Amino acid sequence: MRTIELAYPLPQTIEFEPCALAIGYFDGVHLGHSRVIQKAMDVAHQKELKSAVMTFDPHPREVLGRSGYTRYLTPLDEKLEQFEKLGVDIVYVMKFDIPFSSIYPEEFINECLLPLQCRHVVVGFDYTFGYRGTGTAQTLQEMSAGRYGIDIVGPVNRLGEKVSSTIIREYLHNGDVEQARHLLGRPYKVKGVVVHGDKRGRTIGFPTANVAVDKPYLIGKNGVYGVRMHVGGKAYYGVMNIGIKPTFELEKKEKSLEVHMFDFHDTIYGERVEVELLFMLRDEQKFAGVEPLIAQIKKDVAEAKEKLATQRY
């Protein structure tokens with residue numbers, strides 16, 4: 001997969017290949033997004049074109065000063081990884097800035113899509129573009145004038161619910177990572193580096209890997225989760241606490257992610273890891289002392305192991 005970074009106006013030095021192009025921000029690359037991208041790939045195969053995706057960075061809402069989008073379901077690196085897994089040939093990462101946000105729909109078509117040699121466009125039913133979002137999927141269709149084909153993909157439903165990034169975000173904020181998984185088509189995951197923490201876990205019999213997330217992932221509700229952590233090419237199950245450790249910390253601070261892996265004894269400081277959130281066990285809570293905390297962690301571990309043994313993730 002080729003990744004090409006672009007900015008408006010497009011450079012004259014790149015020779016673009018004829019393509020079928022899926023357009024969207026695609027935060028999460030969820031089942032609805034996959035449907036749009038797969039349609040572009042199918043058309044590309046039928047018409048002997050390159051399959052391509054145009055995404056944007058950073059999020060338009062962030063650039064335009066709208067709240068709620070400083071954290072992502074899939075930061076750019078993760079999003080590109082998901083595109084590659086789908087089998088896309090080319091990804092165009094368009095820089096979203098104020099000049100780009102100010103162009104009108106017709107300018108976007110004439111000065112961006114056509115120079116990319118876009119022979120076919122695929123978008124979701126709710127896609128908007130151009131100045132103040134005045135362009136819609138129907139606008140693309142009306143302005144095509146035979147210069148490109150177009151498919152508009154309708155909403156995708158899963159378990160009776162519309163699939164959307166907004167709904168997935170709500171599930172994560174509520175700790176419902178299982179429902180988020182149904183809409184994503186895979187467990188929600190974060191990546192980071194194992195760093196030194198306060199090493200308190202080992203003193204109470206539950207050593208943990210303190211994961212410092214180094215990309216702007218959306219970190220959901222504080223609590224204890226059943227997880228699968230990938231390190232060194234292998235996967236291990238465990239429990240993770242997201243939160244501020246209220247039993248020990250006197251003042252509120254940023255969230256920490258601490259993973260206790262079952263039957264794992266290696267030293268992995270400095271290692272890059274991926275943590276998949278499989279299910280939530282309970283909210284984070286403050287205990288009267290160390291002994292009640294240890295008793296609860298034992299219950300958490302037992303419950304997580306039982307659930308992992310009886311359900312597939």
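**Entry 1: the open sheet**

I started with E1 and E4 in this predicted model. The two strands pair in the parallel sense, over five bridges. I picked one partner pair to fix the register: Glu5 is bridged to Val93 in E4.

I then looked up the sheet these strands belong to. It is an open sheet of six strands, in the order E1-E4-E3-E2-E5-E8, and the pairing is parallel. Which strands stand at the edges? I found E1 and E8 (149-153) there. Each has a single partner strand, so one side of each lacks a neighbour in the sheet. The twist from one strand to the next averages 20 degrees.

Next I checked which helices pack on this sheet. H3 does, touching E1, E3 and E4. Its direction makes about 165 degrees with that of E3. H5 (residues 105-113) also packs on the sheet. I noted its contacts with E2, E3, E4 and E5, and an angle of about 135 degrees between its direction and that of E2.

**Entry 2: strand E2**

I moved to E2, residues 19-23. Are its residues buried or exposed? Five of the five are buried, so the strand is largely enclosed by the rest of the structure.

I sorted the side chains by direction. Cys19, Leu21 and Ile23 point one way from E2, while Ala20 and Ala22 point the other way. That fits the general pattern: in a regular strand the side chains alternate between the two faces of the sheet. Here both sets are buried.

E2 has E3 (residues 50-57) as a parallel partner, joined to it by five bridges. In this pairing Ala20 has Ser51 as its bridge partner. I followed the chain between the two strands: it leaves E2, passes through helix H1 (residues 31-47) and arrives at E3. This β-α-β crossover is right-handed.

E2 also pairs with E5 (residues 118-124), again in the parallel sense, over four bridges. I noted Val122 in E5 as the bridge partner of Ala22.

**Entry 3: His120**

I looked up His120, which lies in strand E5. Its relative accessibility is 6%. The cut-off for buried is under 20%, so His120 counts as buried.

What does its side chain make a polar contact with? I found the side chain of Asp151, at 2.7 Å. I then listed what else His120 touches, leaving out residues up to four places away in sequence. Among them are Cys19, Ala20 and Leu21, along with Val43 and Lys47. Tyr148, Gly149 and Ile150 are on the list too.

**Entry 4: the barrel**

I turned to the other set of strands. Six of them close into a barrel, in the order E11-E12-E15-E14-E13-E16, with antiparallel pairing. From one strand to the next the twist averages 45 degrees.

I took E13 (residues 223-231) and E14 (residues 234-243) as a sample pair. They run antiparallel and share nine bridges. Val227 stands opposite Gly238 in E14.

Which helices pack on this sheet? I found H3 (residues 76-86), touching E11 (188-195) and E16 (272-283). Its direction makes about 125 degrees with that of E11. H10 (residues 290-310) packs here as well, touching E13, E14, E15 (256-261) and E16. I recorded about 105 degrees between the directions of H10 and E16.

**Entry 5: back to H3**

H3 had come up with the open sheet and with the barrel. I looked up which of its residues are buried. They are Glu78, Lys79, Leu80, Gln82 and Phe83. These buried residues pack against E1 (2-6), H1, E3, E4 (90-95) and E11. Gly87 follows the helix, and its phi is positive, near 100 degrees.

**Entry 6: the whole chain**

I finished with the totals. The protein chain has ten helices and 16 strands. Its C-alpha atoms fill a box of roughly 70 × 40 × 35 Å along the principal axes.

How many of the 313 residues count as buried? I read 50%. The accessible surface comes to about 15500 Å², and carbon and sulfur atoms account for 48% of it.

I also looked up contacts with a separation of 6 or more. Residues 24 or more positions apart account for 73% of them.

Methods: Residues numbered from 1 in each chain as written. Predicted model: local features only at pLDDT ≥ 70, side-chain atom pairs only at ≥ 80, totals over all residues. Heavy atoms only, no water. Pairing = 2+ DSSP bridges. Axes fitted to C-alpha atoms, helices over the stretch in contact; angles between N-to-C directions. Contact = heavy atoms within 4.5 Å. Buried < 20%, exposed > 50% of the residue type's maximum accessible area, 1.4 Å probe, protein only. Right-handed = clockwise from strand over helix to strand, strands pointing away. Areas by Shrake-Rupley, 256 points an atom, 1.4 Å probe, with all protein chains shown as cover. Polar contact = N/O pair within 3.5 Å; in protein donor to acceptor, adjacent residues only side chain to side chain.
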